[in-house]
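Here are some exercises to work through with the model open beside you. Try each task before reading its solution.

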Amino acid sequence: MPWEVCSRAASLAALALSILLPALAAAQAPVYVRVTPEINMLRVKHTKALTESAGKSTGTGTGTGADFVAGIAIGHLGATERGLLVGGELQGLISSRRTVGGTMEPQGSGAGRVGLGRWEFENKVGVGVSGFVGRKLRSRNLSSYLVAGLRRWSTEMASVQFSGFGAIGEFTDRPEDGVVPRWSLAVGIGLTVPGERPIDIRLRYERSGVTGYSKDHTFDPESQEVDPEEVTWDYSFSASGIGLQIGFGTG
C-alpha cells in the first residue's frame, strides 16, 4: 500500500478525531469502540470523453458489484435530559478491494471510438465521520436513530482503451498517483440492541460526486502525409450504493 495513501488517510483521521473528541467529552457519555464489518452493493458509472481534431465524442458505462469492508469505530451515543439520543463517531475503513468494472462499447457522437475498452474501480482505505440523532424505543430497551456522515475513500481507477487508430492497439490509463481521493455522503438509519456487548445495526445509502482524471496521447497516423495528432481522454467515475453494517463492541 503506498505510503502517500496511508499518510493522507491518517491526516484526515487525526483532524476528524480532534473535532470529535471535545464533543464526546462535553456530552459526558462513555466512549465506545466497535468492530464494524459491512457489505456494500455499489453501482459505478464511468464516462469517457475523447477530444481530437474531428471534435469530441463521449461514452458511458455502468457496473455493479459487492464491496466488503472491515472497519473500526470510536464514538458515543448518549441521551439528553429530554431523552433525545445524540452522538458522533469516527471510523477507519479497509476495503477487501473487490473490483467493480465493465466493458464499454463504442458509442457517442463524433468518431464513436471513445468506448471499446474495459474499466475498473476499487476502493482501498478510507475514514469517515458521522453524526446521530434518535430516541429509545418505549416498548423495548432499544435505541433507534438517524445517521448522516461523510467518508473519504482512496480509490484505484483504470480505463482501458482500444484507440481504433489503425495500427495503434490497446493501452491503459490510470491516475498519476495510482489512486485518487473520493468523497461520499452517507445517510441512513440505525438500531442498537443493548447488552454487555451491544450490537449496532445500520442500513444506509451512500453516494459520491464525480471523480476523474485526464490523459494526453500523441498518435502517428498510418498515412505519412498527415502530421501526428494529439488527443485527450477525460475519465470520470461516480458511485452510489446501499450498505449494511453490523457493529460489535463496547458502549
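## Getting oriented

From the N terminus on, the elements of the protein chain follow the order α-β-β-β-β-β-β-β-β-β-β-β-β. That comes to one helix and 12 strands, where helices (H or I, at least four residues) and strands (E, at least two) are DSSP runs numbered from the N terminus. This is a predicted model, in which local features need pLDDT of at least 70 and side-chain atom pairs count only at pLDDT 80 or more, while totals for chains, interfaces and linings use all residues. Residues are numbered from 1 along each chain as its sequence is written, and side-chain values use heavy atoms, with hydrogens and water left out.

## Exercise 1: Strand pairing

Task: Find how strand 10 pairs with strand 9 and with strand 12, and name a residue pair for each.

Solution:

1. Two strands pair if DSSP finds at least two bridges between them.
2. Strand 9 and strand 10 are antiparallel and share 10 bridges. Here I189 stands opposite L203 of strand 10.
3. These two strands form a hairpin with five residues between them, and G195 in the turn has a positive phi of about 155°.
4. Strand 10 also runs antiparallel to strand 12, joined by nine bridges. R207 has S240 in strand 12 as its bridge partner.
5. Strand 12 pairs with strand 11 too, in the antiparallel sense and over nine bridges. There, H217 has V231 in strand 12 as its bridge partner.

## Exercise 2: Two faces of a strand

Task: Work out which side chains of strand 10 and strand 11 point to the buried face.

Solution:

1. In a regular strand the side chains alternate between the two faces of the sheet.
2. Set the cut-offs: buried means under 20% relative accessible area, exposed over 50%, and partly exposed in between (1.4 Å probe, protein chains only).
3. In strand 10, D200, R202, R204, E206 and S208 point to one face and are buried. I199, I201, L203, Y205 and R207 point to the other and are not buried.
4. In strand 11 (residues 211–219), the buried face takes T211, Y213, K215, H217 and F219. G212, S214, D216 and T218 point to the other face and are not buried.
5. For the chain as a whole, buried residues make up 44% of the 251 residues.

## Exercise 3: Cavities

Task: Describe the cavities of 30 Å³ or more and what lines them.

Solution:

1. On a 1 Å grid over the protein atoms alone, a cavity is a set of points where a 1.4 Å probe fits but cannot get out, and lining residues have an atom within 4 Å of a point. Grid points are joined across faces, edges and corners, and a volume is the space filled by probe spheres set on the points.
2. The structure has two such cavities.
3. The largest has a volume of about 130 Å³. Of its 17 lining residues, Q91, S130, R151, R202 and R204 are the closest to its centre.
4. Strand 7 gives the most to this lining, with five residues.
5. By type, the lining of the largest cavity has seven nonpolar, six polar and four charged residues. Ala, Val, Leu, Ile, Met, Phe, Trp, Tyr, Cys and Pro count as nonpolar, Asp, Glu, Lys and Arg as charged, and the others, Gly among them, as polar.
6. The second largest cavity has a volume of about 90 Å³. Of its 13 lining residues, the closest to the centre are N40, L42, W153, R182 and E206.
7. Strand 12 gives the most to the lining of the second largest cavity, with five residues. That lining divides into four nonpolar, five polar and four charged.

## Exercise 4: Aromatic contacts

Task: Classify the pair formed by F171 and W233, and say which parts of the chain the pair ties together.

Solution:

1. Rings of Phe, Tyr and Trp (its six-membered ring) pair if their centres lie within 6.5 Å; planes under 30 degrees apart count as stacked, over 60 as edge-to-face and the rest as tilted.
2. The whole structure has five aromatic pairs. In the pair of F171 and W233, the ring centres are 5.3 Å apart and the planes are at 75°, so the pair is edge-to-face.
3. F171 lies in strand 8 (residues 170–173) and W233 in strand 12 (residues 229–249), so the pair ties together parts 62 residues apart in sequence.
4. F171 counts as buried because its relative accessibility is 14%, and W233 counts as buried at 0%.
5. Elsewhere, W119, F121 and F237 form one aromatic cluster.

Notes: On a 1 Å grid over the protein atoms alone, a cavity is a set of points where a 1.4 Å probe fits but cannot get out, and a pocket is an open set with protein on both sides within 12 Å along at least five of seven lines; lining residues have an atom within 4 Å of a point.
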